[in-house]
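Okay, thanks for coming, everyone. Let me pull the model up on the screen and talk you through it.

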Amino acid sequence: MRLVYVFDAYCGWSHGFSGTLREVASRHPELPVEVVSGGLFTGPRRVPVREFGHVQGANARIAELTGAEFGEGYERLIADGSFVMDSEAAARGVAALRRAAPDLAAELVAALQRAFYLDGLSLSAPATYRKVAEEAGMDAETVVADIHAPEAHTAAAADFHRSAELGVTGFPTLLAVDGEQVATLARGHATADEVDRRLAALTATSPTH
């Protein structure tokens with residue numbers, strides 16, 4: 001069995017879920033975590049943030065429920081409403097980070113979301129990935145070069161396809177995947193204890209246990 005975390009780097013609820021994912025992963029080191037970019041802001045949804053009038057209210061709700069922080073840098077970035085959230089660009093960056101350090105994928109995407117939601121760094125800017133990679137002790141130049149490589153475009157498209165294939169309709173979604181069996185452990189918001197209870201119920205009824 002493994003955990004599959006389907007998220008979007010520009011999704012505030014995914015940012016809010018980072019703490020839960022970190023706790024679940026620490027409680028279950030035996031379960032590998034696969035990170036998949038969902039593609040929230042692509043195509044016609046790739047528009048200036050002012051088009052999404054609910055952002056501030058949603059962020060307040062996320063902060064209240066999860067304790068997630070939204071920093072001054074982020075507030076400045078979105079203040080005039082012109083910033084465009086591009087999930088395809090972010091998914092390419094996630095793919096480059098994941099390729100460089102697959103075992104650190106969950107930690108790296110959490111760091112990426114902090115870079116956006118706290119520091120206000122664009123996830124379309126290669127410098128953001130350089131910063132995250134350097135802070136993780138990775139080869140930052142390789143990561144930045146990989147963002148523009150054909151493999152990153154292919155990986156982003158594959159992630160969006162996998163998200164749809166898994167039947168994910170909202171972000172974040174945490175799944176338990178065991179062979180052909182797929183079970184939802186969390187959607188949107190959940191505590192680590194809630195995920196644990198669902199995981200325990202799942203393993204208790206699994207024919208492999």
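I'll go through one helix and then the aromatic rings.

Quick housekeeping: this is a predicted model, where local features need pLDDT of at least 70, side-chain atom pairs count only at pLDDT 80 or more, and totals for chains, interfaces and linings use all residues. Numbering starts from 1 along each chain as its sequence is written, and side-chain values use heavy atoms, with hydrogens and water left out.

So, helix 5, residues 105-117. Helices here are DSSP runs of H or I, at least four residues, and strands are runs of E, at least two, numbered from the N terminus. The expected span is 1.5 Å times one less than the number of residues, so these 13 residues should cover 18 Å, and the end C-alpha atoms are indeed 18 Å apart.

How many of its residues are buried, meaning under 20% relative accessible area with a 1.4 Å probe, protein chains only? It's 11 of 13, including Leu108, Phe116 and Tyr117. The buried ones pack against strand 1, strand 2 and helices 1, 3, 4 and 6.

Now the rings. Phe, Tyr and Trp (its six-membered ring) pair if their centres lie within 6.5 Å; planes under 30 degrees apart are stacked, over 60 edge-to-face, the rest tilted. The whole structure has 11 aromatic pairs. One of them, Tyr5 with Phe7, is stacked, at 5.5 Å and 20 degrees, and both residues are buried. Phe70 and Tyr74 sit 5.8 Å apart centre to centre with planes at 50 degrees, so that pair is tilted. Phe70 is buried at 17%, and Tyr74 is too, at 3%.

Lastly, ring pairs join Phe70 and Tyr74 in a cluster with Tyr10, Phe83, Phe116 and Tyr117.

Technical notes:
Buried < 20%, exposed > 50% of the residue type's maximum accessible area, 1.4 Å probe, protein only. Contact = heavy atoms within 4.5 Å.
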